[in-house]
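Colleague: I should like to request a close look at a single part of this model, namely the place where the ligand sits. Please describe its surroundings in terms that a first-year student can follow.

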Amino acid sequence: MTFPAKFLWGAATSAYQIEGRAPGDGLGSSVWDEFCARPGRVQGGESGAVACDHYRRFAADVQLMRDLGLQAYRFSVAWPRVLPAGRGAVNSAGLAFYDRLVDALLAARIEPWLTLFHWDYPLALYREGGWLHPDSPRWFADYTRVVVDRLSDRVRHWITLNEPQCFIGLGHQTGLHAPGDKLPLDRTLLAAHHVLLAHGLAVQTIRAHAKLPPVVGWSPTGEVPLPATEAPEDVGAAREVYWHVAPDSVWNMAWWLGPAVLGAYPEQGLRAYGAAVPRFTDAEMRTISQPLDFLGLNIYHGYACRRSGAGAVEIVPPTPGHAQTHNHWRVAPAALRWGPVFAHERCGLPVVITENGMAAHDSVSLDGAVHDPQRIDFLARYLGQLRQAVADGVPVLGYFAWSLLDNFEWAEGYRFRFGLVHVDFATQRRLPKDSARWYRECIRSNGASLPLPDPAPAGSADLVRS
Ligand code: FCB
């Protein structure tokens with residue numbers, strides 16, 4: 001049981017979390033700049049103003065990636081760097097940065113995977129209505145066109161949107177992330193509908209204008225429901241939860257994957273949201289539902305489910321003291337098996353893990369190194385389960401560790417370190433952690449260096465649609 005021969009090993013970052021804002025070079029503001037400036041919204045009053053100063057240090061960071069043996073690097077383009085007002089005038093200095101980054105990656109034989117939107121929405125467009133504006137899908141498509149025209153002679157891999165559940169759920173419904181709105185459900189679902197249309201139009205734009213044959217996907221996320229046992233009833237219970245839409249929240253897979261991949265909003269979701277569902281047309285559904293080359297999944301955690309005697313689904317509470325990460329996410333390696341299995345069996349698309357990793361209490365030890373055995377253990381366990389998904393029959397094309405560098409963790413500021421490489425935010429010194437060397441060996445051996453897998457559990461093969 002191994003990873004496929006062409007399996008791609010990478011690491012991921014996003015623009016606002018690492019780039020920093022200096023020198024501005026014509027950069028426009030994003031909703032995150034404005035959100036960070038509001039008292040009390042971000043831990044410690046921190047912001048992405050400096051972050052990892054990657055905008056100035058990208059060449060050295062690409063060298064770090066090369067030392068790590070990365071085969072691919074997932075980064076995002078900052079929309080307001082390219083179009084300071086979100087639309088209209090193009091900032092050539094901003095575009096030139098991504099030009100240089102892509103060239104440096106290719107020179108290092110690292111495949112660029114470009115995410116068009118990882119949450120740093122142009123503030124000017126937000127002030128015009130943002131994702132609630134009926135023109136917002138078109139604004140995103142126009143921005144996509146600018147990036148495609150400039151970079152698609154070298155970039156093949158495209159991700160339209162990162163985690164719509166987060167920037168709509170946390171950003172527009174609960175207000176914990178930028179822009180900090182607390183919209184009622186009907187407005188939240190209208191914004192979500194525009195996001196879905198933006199995704200569809202962007203896919204069309206990429207396909208129509210890319211110079212190299214494009215490989216296109218997107219990256220939703222979610223905590224994965226896991227079967228408490230291998231019994232088919234429990235697997236069925238977890239699958240049911242995976243596709244369930246709760247009446248008051250957009251934290252689900254079905255509302256996003258339904259339109260984008262299966263061509264329709266899910267029936268159960270339509271019932272759950274009821275009158276809050278926006279009006280939409282068949283033509284819009286066709287726009288949203290574009291053929292994709294892969295499904296990106298960002299997977300960090302999970303929780304167990306089982307079928308009760310009476311046939312209901314029960315959530316199984318964790319054992320007291322269950323392992324958790326620094327930011328209190330439950331360690332649940334099987335999420336990297338069942339997430340891909342459940343998504344693939346219904347969507348039929350190849351899967352790429354576009355984010356996975358953990359925050360640990362990392363610091364520089366007296367011996368000058370950063371020892372992060374928990375991260376090594378976490379990655380080994382999760383990757384073992386991803387290998388199990390491959391054995392179950394899921395075509396998994398690649399894996400991106402989150403993250404290359406410690407960085408700005410949104411509303412949590414800098415307190416949670418997710419990097420394979422430690423960053424001293426006072427000096428910007430980079431120091432590969434023990435896990436970086438471990439991951440390098442994992443990449444070099446195409447996963448053969450991982451600990452021996454658990455024996456393949458019975459009954460797993462029939463979970464995957466052939
Ligand atoms: C994901 C985000 C990413 C990072 C990780 C820890 O939800 O996509 O930017 O914050 O979580």
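Modeller: The account below begins with the ligand, continues with the pocket around it, and ends with the enclosed spaces and some details of the backbone. Please bear in mind that this is a predicted model.

The ligand occupies the largest pocket of the structure. The residues that surround the ligand are Gln17, His118, Trp119, Asn162, Glu163, Tyr300, Glu355, Trp402, Glu409, Trp410 and Phe418. By class, this shell consists of 5 nonpolar, 3 polar and 3 charged residues.

Three side chains of the shell may be considered one by one. In the side chain of His118, an N or O atom is 2.8 Å from an oxygen atom of the ligand. For Asn162, the distance from a polar side-chain atom to a ligand oxygen atom is 3.0 Å. The side chain of Glu355 likewise has an N or O atom 3.0 Å from an oxygen atom of the ligand. The protein buries 95% of the 290 Å² that the ligand exposes when taken alone.

We may now turn from the ligand to the pocket as a whole. The largest pocket holds about 890 Å³ of space, and its lining comprises 38 residues. Nearest the centre of this pocket lie Cys166, Leu170, Trp251, His301 and Trp329. Four elements each give two or more residues to the lining: helix H8 (164-173), strand S6 (224-227), helix H10 (232-242) and strand S7 (295-298). The lining divides into 21 nonpolar, 12 polar and 5 charged residues.

Empty space is also found elsewhere. Rolling a probe the size of a water molecule over the atoms shows where such space is left. A search of the whole structure gives 3 cavities of 30 Å³ or more, and the largest cavity has a volume of about 60 Å³. Among the residues that line this cavity are Val31, Phe117, Trp119, Tyr121, His172, Ala178 and Pro179. Trp119 also belongs to the shell around the ligand. The lining of the largest cavity contains 9 nonpolar and 2 polar residues, with no charged residues.

Two residues of that cavity lining, Ala178 and Pro179, lead to the backbone. The peptide bond from Ala178 to Pro179 is cis, with omega near 5°, and Pro179 is placed in the loop between H8 and helix H9 (185-209). Another cis peptide bond runs from Ala22 to Pro23, with omega near -15°; Pro23 is in the loop between helix H1 (15-18) and helix H2 (31-37). Arg109 is not a glycine, yet has a positive phi of about 60°. Its place is in the loop between helix H5 (92-107) and strand S3 (111-117). These details deserve mention because most residues other than glycine have a negative phi, and most peptide bonds are trans.

How values were computed: Residues are numbered from 1 along each chain as its sequence is written. This is a predicted model: local features need pLDDT of at least 70, side-chain atom pairs count only at pLDDT 80 or more; totals for chains, interfaces and linings use all residues. Side-chain values use heavy atoms; hydrogens and water are left out. On a 1 Å grid over the protein atoms alone, a cavity is a set of points where a 1.4 Å probe fits but cannot get out, and a pocket is an open set with protein on both sides within 12 Å along at least five of seven lines; lining residues have an atom within 4 Å of a point. Grid points are joined across faces, edges and corners, and a volume is the space filled by probe spheres set on the points. Ala, Val, Leu, Ile, Met, Phe, Trp, Tyr, Cys and Pro count as nonpolar, Asp, Glu, Lys and Arg as charged, and the others, Gly among them, as polar. A residue is near a molecule or strand if one of its heavy atoms lies within 4 Å of it. A polar contact is a pair of N or O atoms within 3.5 Å; within protein, one must be able to donate a hydrogen and the other to accept it, and residues adjacent in sequence count only if both atoms are side-chain atoms. Accessible areas come from the Shrake-Rupley method with a 1.4 Å probe; for residues, only the protein chains shown count as cover. A molecule sits in a cavity or pocket if more than half of its atoms lie within 2 Å of its grid points.
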